[in-house]
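Here is a briefing on a structure, meant to be read alongside the coordinates. Please keep the view open while you go through the points.

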Amino acid sequence: MPLLTVTDLRTHFHTRNGVYRAVDGASFSVERGETLGIVGESGSGKSVTCYSIMGLIPQPPGRIEGGSAMFDGVDLLRCPPTVARSIRGKRVSMIFQDPMTSLNPFMRVSEQVIEPLMIHGGVSRKQALARAQEMLEAVGINDAAQRMRSYPHEFSGGMRQRVMIAMALVTRPELLIADEPTTALDVTVQAQILELIRTMQRELGMAVIFVTHDLGIVAGLCDRVQVMYAGRIVENASTEDLFRSPLHPYTRALQRSIPGLQPKGRELFTIPGLPPDVSKRMDGCAFAERCGFAADPCRAAVPSLVEAQPGHWHACVRSAEIDLEP
Amino acid sequence: MSGLPQTGDYLLELRNVKTHFPLYKGFLLRRQIGAVRAVDGVSLGVREGEVLGLVGESGCGKSTLARTILQLVPTTGGAVLLRGRNLSEATVAEMRACRRDLQMIFQDPYASLNPRMTVHACLAEPLLVHGICGPKEVDAQVAELMGLVGLAPQFARKYPHEFSGGQRQRIAIARALALRPRIVIADEPVSALDVSIQAQILNLLSQLCSRMNLALVFIAHDLSVVRHISDRVAVMYLGKIVELGPAEEVIDRPRHPYTRALVSAIPVPNPAIERSRQRIVLAGDPPSPINPPPGCAFHPRCAYAQDRCRMAAPALTPCGDGHEAACVRLDELA
């Protein structure tokens with residue numbers, strides 16, 4: 001049984017300007033110890049999916065309209081708050097994009113790292129501090145005993161992200177949700193943090209949901225990838241399959257617009273137009289307007305995810321008829 | 001491709017440019033206690049119509065170098081020459097004339113456009129200020145500029161907030177091109193954009209460069225973007241150029257240990273390559289530019305550092321095919 005199964009998650013934001021369907025029917029699952037990558041452009045609903053699972057959607061204006069997120073037999077979206085609190089932050093943890101703003105500038109690092117342990121662990125302060133120090137050492141902070149008495153501003157960006165990771169992992173969670181944890185960092189520091197996540201995952205045997213817009217990170221880190229577009233999942237496959245033989249035109253288009261994969265000097269492939277406005281109702285495939293292969297059936301009904309090959313799902317009604325190779 | 005080109009070969013030339021920001025302590029007895037050496041001795045040349053990519057991590061001085069070229073910050077030492085004329089010694093009036101040839105595109109298209117000016121007002125302003133055309137021809141000129149960057153002329157009366165990020169960056173490009181400059185400095189012009197939009201802007205920039213024979217200094221931290229668009233690439237570390245050469249040479253066959261680490265840190269969107277290759281993970285963070293390490297600034301993080309690396313800062317040394325690197329162990333590490 002998968003560790004986490006999300007079924008038909010719909011998170012909408014009710015604003016003065018209409019209803020934004022940020023996530024509109026996302027279904028996926030994460031196995032124990034697996035790394036799932038969620039890729040997509042800004043506004044595709046990657047982060048909102050994670051925030052919904054973690055119960056971090058501000059309500060109002062947000063509202064979880066439907067669906068379920070079963071974590072080890074408990075529906076995180078509907079269980080009583082006390083049950084949810086006993087899971088979130090303990091068995092499921094999250095790290096955020098910006099380490100500059102997600103640590104409390106008024107609290108010593110030690111206080112922030114022991115907080116989840118004090119709340120969930122039922123351990124004494126002394127034991128918690130010892131575990132926090134161990135964890136800070138494990139994430140590569142030298143001289144942790146001294147450094148944990150510092151405040152966040154005394155750390156560099158990469159070091160702050162390490163503190164965030166230590167905070168998330170100190171309770172030894174079964175699932176770590178990482179929402180673009182390296183986007184704000186330099187490439188050499190990004191490489192350090194990715195290496196750290198890999199090592200910690202191996203040591204703790206946890207599952208990871210890794211949200212990113214960088215297909216390169218996905219290629220090196222994830223077992224499975226799902227591509228999101230306008231609040232829906234358009235493709236879900238093992239990393240090898242997704243890169244070798246994408247089945248959805250959007251995935252193919254994304255790959256073709258990355259400079260690193262194209263011969264130098266050749267004009268880059270571009271996706272015409274702009275991502276759709278998720279406040280408008282879409283009756284067909286959300287990508288149809290920008291898709292070179294769109295036909296009438298694409299606009300008739302919202303395509304559902306179908307399993308084309310074992311473990312390779314896509315939401316394109318014309319996938320069998322079209323040839324995505326350049 | 002032999003030897004150093006003579007002065008005059010270059011449209012823009014930097015000679016040992018230094019930009020230091022002084023640090024003060026005290027209030028009444030204010031005294032200088034040091035300086036942030038943001039740019040510390042950079043020599044470069046950009047030819048007509050050439051795209052020079054400038055890469056490096058945050059804090060290495062890329063943006064300060066861009067601002068120094070445009071004289072938006074005073075130079076501490078060295079000279080910035082545009083067509084042989086020293087900009088740091090130019091008078092205000094001379095500088096204003098030079099600005100027609102030298103324009104800039106900024107990173108964040110949300111912050112670099114005046115929210116209270118329509119696209120038309122924003123594009124017309126430089127035309128009128130520099131007297132490129134009279135008030136009567138402005139509409140036609142603005143429409144032509146908008147066409148040049150792929151914006152429909154009917155958008156002219158709209159405000160920046162009505163556009164998406166990619167379209168705003170097109171407006172910023174149009175504004176930079178309004179005066180028909182010879183060289184444009186683009187400071188991270190695509191890093192705030194999504195991949196599919198980024199590709200559109202990159203295509204636009206390369207088309208404009210070849211069509212208008214425009215030189216471009218393209219600053220970015222994404223090596224694959226830089227490799228795609230640039231003719232030559234310069235790699236910066238802590239205020240200095242550590243490697244310089246043709247784009248494919250530098251990125252596919254890096255010679256300096258820092259460039260090697262940088263290239264190996266870039267995730268490749270191909271699982272087969274990504275899982276099999278050797279990764280060089282650098283330890284620690286870049287050192288502070290206030291108190292840079294003696295000798296080669298990279299030695300504290302370098303796997304190949306020796307005693308002599310700590311002695312003197314190495315100069316850029318040619319290593320074939322117009323490729324130069326600043327490493328004393330260049331020959332041994334080849």
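The points below cover chain B as a whole, the contact between the chains, one strand, the nonpolar core and one loop residue.

This is a predicted model. Chain B holds 11 helices and 12 strands. Chains A and B touch through 37 residues from chain A and 31 residues from chain B. The largest nonpolar core counts 194 residues.

**Chain B overall**

- The radius of gyration of chain B is 21 Å, which agrees with the value near 20 Å for a compact globule of 334 residues.
- Its C-alpha trace spans about 70 × 60 × 45 Å along the principal axes of chain B.
- Of the 334 residues in chain B, 45% are buried.
- Among contacts in chain B with a separation of 6 or more, 64% join residues 24 or more positions apart.

**The contact between chains A and B**

- Chain A supplies 37 residues to this contact and chain B supplies 31 residues.
- On the side of chain A that touches chain B, four helices of chain A each give at least two residues: H7 (187–204), H8 (215–221), H9 (239–244) and H10 (249–256).
- H7(A) provides the largest share of that side, with 7 residues.
- By class, the side of chain A that touches chain B has 16 nonpolar, 14 polar and 7 charged residues.

**Strand E9 of chain A**

- E9(A) covers residues 224–229, and 6 of its 6 residues are buried.
- In a regular strand, side chains alternate between the two faces of the sheet.
- Arg224(A), Gln226(A) and Met228(A) point one way from E9(A).
- Val225(A), Val227(A) and Tyr229(A) point the other way, and both sets are buried.
- Strand E3 of chain A (residues 35–39) pairs with E9(A) in the parallel sense over 4 bridges.
- Within this parallel pairing, Leu36(A) has Arg224(A) as its bridge partner in E9(A).
- Strand E10 of chain A (residues 232–238) pairs with E9(A) in the antiparallel sense over 6 bridges.
- Here Tyr229(A) stands opposite Arg232(A) of E10(A).
- E9(A) and E10(A) form a hairpin with 2 residues between them.
- Ala230(A), in the turn of that hairpin, has a positive phi of about 50 degrees.

**The largest nonpolar core**

- In soluble globular proteins, nonpolar side chains tend to be buried together.
- Seven of the 194 core residues touch the most other members: Val113(A), Ala166(A), Ile209(A), Val217(B), Phe218(B), Val235(B) and Ile241(B).
- Helix H6 of chain A (residues 157–169) gives the most to this core, with 8 residues.
- Domain 1 (4–91 + 174–314) and domain 2 (102–172) of chain A both give residues to this core, so the core lies between them.
- Beyond its neighbours within four places in sequence, Ala166(A) is in contact with Val113(A), Met135(A), Leu136(A) and Val139(A).

**Ile141 of chain A**

- Ile141(A) sits in the loop between helix H4 (125–138) and helix H5 (144–147) of chain A.
- Is Ile141(A) buried or exposed? Ile141(A) counts as buried, because it has 20 C-beta neighbours inside 10 Å.
- Leaving aside neighbours within four places in sequence, Ile141(A) contacts Leu136(A), Arg147(A), Met159(A) and Arg162(A).
- Arg162(A) is 21 residues from Ile141(A) in sequence, and their C-alpha atoms are 7.6 Å apart.
- Leu136(A) is in contact with Ile141(A), and Leu136(A) is also in contact with Ala166(A).

Notes. Residues are numbered from 1 along each chain as its sequence is written. Chains are lettered from A and ligands numbered from 1 in the order in which they are written. This is a predicted model: local features need pLDDT of at least 70, side-chain atom pairs count only at pLDDT 80 or more; totals for chains, interfaces and linings use all residues. The radius of gyration is taken over C-alpha atoms; the globule rule is 2.2 Å times the number of residues to the power 0.38. A residue is buried if 20 or more other C-beta atoms lie within 10 Å of its own, exposed if 12 or fewer, and partly exposed in between; C-beta atoms are placed from the backbone. Two residues are in contact if their C-beta atoms, placed from the backbone, lie within 7 Å. Ala, Val, Leu, Ile, Met, Phe, Trp, Tyr, Cys and Pro count as nonpolar, Asp, Glu, Lys and Arg as charged, and the others, Gly among them, as polar. Two strands pair if DSSP finds at least two bridges between them. A nonpolar core is a set of buried Ala, Val, Leu, Ile, Met, Phe, Trp, Tyr and Cys residues joined through C-beta atoms within 7 Å. Domain bounds come from an automatic or database domain assignment.
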